[in-house]
Amino acid sequence: ERQAERWTLARCAREYHARAVEPRRSPRRAAQWISRLEHHVPRALWHAPIASIKPAQLLAALLAAAPHERARNLKAPKIAETLHRVRQRLARVFTDAALHERCEGNPAQAIRDALAEALPRPTSPSAGTAERGHRHMVPEAAPAFVARLAELPGTAARCLEFLILTAARSGEARGAEWAEVDESAALW
């Protein structure tokens with residue numbers, strides 16, 4: 001009983017983070033991983049014994065965090081994305097805790113659908129105006145933009161010009177090697 005109370009959600013999350021997250025991520029990403037949990041899981045739940053946390057309690061705590069996010073001027077889709085990521089990370093922590101017999105079950109996994117239904121749906125970038133999606137350029141403006149781009153010096157300008165003219169993916173262009181390019185046949 002006393003041993004179970006020692007394993008709080010915070011302690012389990014930090015132990016999992018040190019063992020499984022930090023070695024596999026950059027220091028910046030690893031720091032973001034744990035800080036997102038520390039900032040978005042309410043203190044009472046964060047310091048509760050992990051074995052005592054029930055799905056309904058976890059769902060209520062995460063939904064209660066949403067108004068605090070609105071106070072920070074985050075828009076609804078950003079709040080939904082943040083809480084979705086927090087729930088995913090908590091699911092990993094609970095799975096690990098169950099594996100080490102610190103709790104039974106995974107309340108974060110149990111609330112997946114309920115949390116998604118309770119939060120606003122993110123808008124698709126192609127579903128509407130530029131303010132809801134990615135910035136874009138009307139096709140008629142592309143020739144003038146490419147002409148201006150051709151006048152700019154530097155590798156970044158050449159890479160962007162290459163992307164536009166070939167419709168390659170950015171990762172493909174950045175990682176391309178000369179062996180992949182046949183200049184005589186104008187093939188890539």
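Biologist: What should helix H10 span, and how far apart are its end C-alpha atoms?
Modeller: This is a predicted model, where local features need pLDDT of at least 70, side-chain atom pairs count only at pLDDT 80 or more, and totals for chains, interfaces and linings use all residues. Residues are numbered from 1 along each chain as its sequence is written, and side-chain values use heavy atoms, leaving out hydrogens and water. Helices are DSSP runs of H or I, at least four residues, numbered from the N terminus. H10 has 12 residues (155-166), so at 1.5 Å a residue (times one less than the number of residues) it should span 16 Å, and the end C-alpha atoms agree, being apart by 16 Å.

Biologist: Which residues of H10 are buried, and which helices do they pack against?
Modeller: Buried means under 20% relative accessible area, with a 1.4 Å probe and protein chains only. Ala157, Glu161 and Leu163 are buried in H10. Seen down the axis, the buried residues fall within an arc of 160 degrees (taken from the directions from the helix axis to the C-beta atoms), so they line one face of H10. With contact meaning heavy atoms within 4.5 Å, their packing partners are helix H9 (142-151) and helix H11 (170-174).

Biologist: Is Ile164 buried, partly exposed or exposed?
Modeller: Ile164 sits in helix H10. Exposed takes over 50% relative accessible area, and partly exposed lies between the buried and exposed cut-offs. At 37% relative accessibility, Ile164 therefore counts as partly exposed.

Biologist: Which residue follows H10, and what is its phi?
Modeller: Next after H10 comes Ala167. Its phi is positive, near 60 degrees.

Key: Helix = DSSP H or I, 4+ residues; strand = E, 2+ residues; numbered from the N terminus.
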